[in-house]
Amino acid sequence: LSVGGSEFVNLNVEKAESVSEFGETATHELLHTLNLGEVAETPYIIDTKMTRIGLEYFTTGSTDKNIRSNAMNYGNTKID
């Protein structure tokens with residue numbers, strides 16, 4: 001799967017740790033093909049707005065309380 005013409009994502013179900021992980025990654029990458037950015041990089045969407053300090057992200061008063069479950073958020077992203 002080519003994302004933005006510059007990345008190659010190998011969506012091989014046999015290499016995924018679980019079917020769930022495969023589904024989450026496939027959904028995330030397919031949404032990139034619709035030009036959705038990473039959740040922390042979309043400040044124009046008010047309920048995903050966060051502040052970045054170093055490698056960590058901090059929620060704002062308008063950040064949705066379930067931001068960690070957003071399909072465009074990486075599981076290893078540190079959020080307060």
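Start with the whole chain in cartoon view: the secondary structure of this predicted model comes to 1 helix and 5 strands, and, read from the N terminus on, the elements follow the order β-β-α-β-β-β.

Before selecting anything smaller, colour the chain by pLDDT, whose mean over the protein is 75, with 76% of the residues reaching 70 or more. Confidence is lowest in strand E1, residues 2–3, where the mean is 45, and highest in E4, where the mean is 84. Select residues 1–6 to see the stretch over which pLDDT stays under 50; the model has 12 contacts beyond four places in sequence for these residues.

Next, select E3, E4 and E5, the 3 strands that form an open sheet in the order E3-E4-E5 with mixed pairing. Strand E3 (50–53) and strand E5 (78–79) stand at the edges with a single partner strand each, so one side of each is left without a neighbour in the sheet.

Keep E3 and strand E4 (residues 56–59) in view, since the next stop concerns this pair. The two strands pair in the antiparallel sense over 4 bridges, and in following them one finds Met-50 opposite Thr-59 in E4 and Ile-53 opposite Glu-56 in E4. E3 and E4 form a hairpin with 2 residues between them, and Gly-54, which lies in the turn, has a positive phi of about 65°.

Now move to the other pairing, in which E4 and E5 run parallel and are joined by 2 bridges. Here the residue to select is Lys-78, which is found in strand E5 and is the bridge partner of Glu-56 in that strand. Is Lys-78 buried or exposed? Lys-78 has a relative accessibility of 52% and therefore counts as exposed, the cut-off for that class being over 50%. Leaving aside its neighbours within four places in sequence, Lys-78 is in contact with Leu-55, Glu-56 and Tyr-57. If you draw a distance from the C-alpha atom of Lys-78 to that of Phe-58, the separation is 8.5 Å, although the two residues are 20 residues apart along the chain.

From the sheet, turn to the interior and show side chains for Val-39, Ala-40, Met-50, Tyr-57, Ile-67, Met-72 and Ile-79, the 7 residues that make up the largest nonpolar core. In soluble globular proteins, nonpolar side chains tend to be buried together. Centre the view on Ile-67, a member of this core, and display its surroundings: apart from neighbours within four places in sequence, Ile-67 is in contact with Val-39, Asp-47, Thr-48, Met-50, Thr-59, Asn-73 and Ile-79. Met-50 and Thr-59, both among these contacts of Ile-67, are also the residues that stand opposite each other where E3 meets E4.

Finally, return to the whole chain and add a surface. The protein exposes about 5,800 Å², of which carbon and sulfur atoms supply 53%, while 22% of its 80 residues count as buried. If you switch to a contact map, restrict it to contacts in the protein with a separation of 6 or more; residues 24 or more positions apart account for 32% of these.

Technical notes. Residues numbered from 1 in each chain as written. Heavy atoms only, no water. Core = buried A, V, L, I, M, F, W, Y, C linked by side-chain atoms within 4.5 Å. Buried < 20%, exposed > 50% of the residue type's maximum accessible area, 1.4 Å probe, protein only. Contact = heavy atoms within 4.5 Å. Pairing = 2+ DSSP bridges. Areas by Shrake-Rupley, 256 points an atom, 1.4 Å probe, with all protein chains shown as cover. pLDDT = per-residue confidence, 0-100.
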